[in-house]
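Reader: I would be grateful for a close look at a single residue in this structure, followed by an account of how the rest of the chain is organised around such positions. Please state the basis for each assignment.

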Amino acid sequence: MCGRFTLTIDQEQLNAYLNEIFDSPILQDFDHYPRYNIAPGQNVISVIYDGEKYRVGYLKWGFVAGKKSPQAKPFTVINIRQESLISKPMFKSAFKKQRCLIIADGFYEWSNENNQKQAYHIVKHKREIFAMAGLWDSYIDETHEKQFTCGIITTPAEAKLKKVHTRMPLTIDKKYLKKWLSLSSMNEEIVEDFVYQSYKDFELNPVSNYVNKVENDDIKCIKNGGST
């Protein structure tokens, strides 16, 4: 599962990362500032492919598909199991043609230890940026505005993370980010290849319960021991 994550770099670092992979500084139209506690329902920096070019922008975290009318209550999913991409109708269409990448440099999980919840900030070696695989879709809300949403794809957790949670985000290897977005066909075998090639050697850093409150979004969230 992935219920919170971080993107603690500044806009210059983010543009450098995007430029390296997608060949152009494509994040220009809005400001990014370091985020230490990104939560469902918030806008997240994402990359999509429109058939001609790669585009960076905000998607609202909480995948909504198949909303029949503006008045209908949306059914929101923040995590999408890899095993459900083909088997569940609500994901089939987006899986074929509306895949996205959600940019992050860490995510949080909680484990039960000594009858208390312990939060962990999970990062790559040297806290490098990475991209989580996702699906995106759009719908018309009750104010007749078009909303663009996304969900993060999860896979079974690798051995080191299983003590914290049984699931983890599918992180796409940097060499295959364009492929994930632009492939014209997709099936279970191809997804399994992405899973096999994904980054798995994460580090777990215990942090305090300061991160538990969504309102807290500053550097204290990722400090070891933190602040309560």
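Author: Asn205 is classed as buried because its relative accessible area is 13%, which is under the 20% limit applied to buried residues. The model discussed here is predicted. Asn205 belongs to strand E12, which covers residues 203–207. Setting aside residues up to four places away in sequence, Asn205 touches Ala119, Tyr120, His121, Val123, Arg127 and Asn224.

A second buried position offers a useful parallel. Leu101 has a relative accessible area of 0% and is therefore also buried. Leu101 is part of strand E6, residues 99–104. Once neighbours within four places in sequence are left aside, its contacts include Phe22, Ile45, Ser46 and Val47. Leu101 is also in contact with Ala131, Met132 and Ala133, as well as with Ile172, Leu177, Trp180 and Leu181. As for Tyr196, 95 residues separate it from Leu101 in sequence, and the C-alpha atoms of the two lie 17 Å apart in space.

Leu101 leads on to the nonpolar interior. The largest nonpolar core contains 59 residues, and Leu101 is listed among those with the most contacts inside it, together with Phe5, Val47, Ile103, Leu135 and Trp180. Strand E9, residues 130–140, gives this core its largest share, namely six residues. Another core, of eight residues, lies apart from that one; among its members are Tyr108, Tyr210, Val211 and Cys221.

These details may be set against the chain as a whole. The protein chain has four helices and twelve strands. Of its 228 residues, 49% are buried. Among contacts with a separation of 6 or more, 66% are between residues 24 or more positions apart.

The overall dimensions can be stated in the same way. The C-alpha trace spans about 45 × 40 × 35 Å along its principal axes. The radius of gyration of the protein chain is 17 Å, which agrees with a compact globule, because a globule of 228 residues would have a value near 17 Å.

Finally, there is the surface. The protein chain exposes about 11800 Å², of which carbon and sulfur atoms supply 47%. The chain carries 31 positive and 28 negative charges, and the mean positions of these two sets are 5 Å apart.

Terms used: Residues are numbered from 1 along each chain as its sequence is written. This is a predicted model: local features need pLDDT of at least 70, side-chain atom pairs count only at pLDDT 80 or more; totals for chains, interfaces and linings use all residues. Side-chain values use heavy atoms; hydrogens and water are left out. A nonpolar core is a set of buried Ala, Val, Leu, Ile, Met, Phe, Trp, Tyr and Cys residues joined through side-chain atoms within 4.5 Å. Buried means under 20% relative accessible area, exposed over 50%, partly exposed in between (1.4 Å probe, protein chains only). Helices (H or I, at least four residues) and strands (E, at least two) are DSSP runs, numbered from the N terminus. The radius of gyration is taken over C-alpha atoms; the globule rule is 2.2 Å times the number of residues to the power 0.38. Contact means heavy atoms within 4.5 Å. Accessible areas come from the Shrake-Rupley method with a 1.4 Å probe; for residues, only the protein chains shown count as cover. Lys and Arg count as positive and Asp and Glu as negative; His and the chain ends are not counted. The place of a charge is taken as NZ of Lys, CZ of Arg, CG of Asp or CD of Glu.
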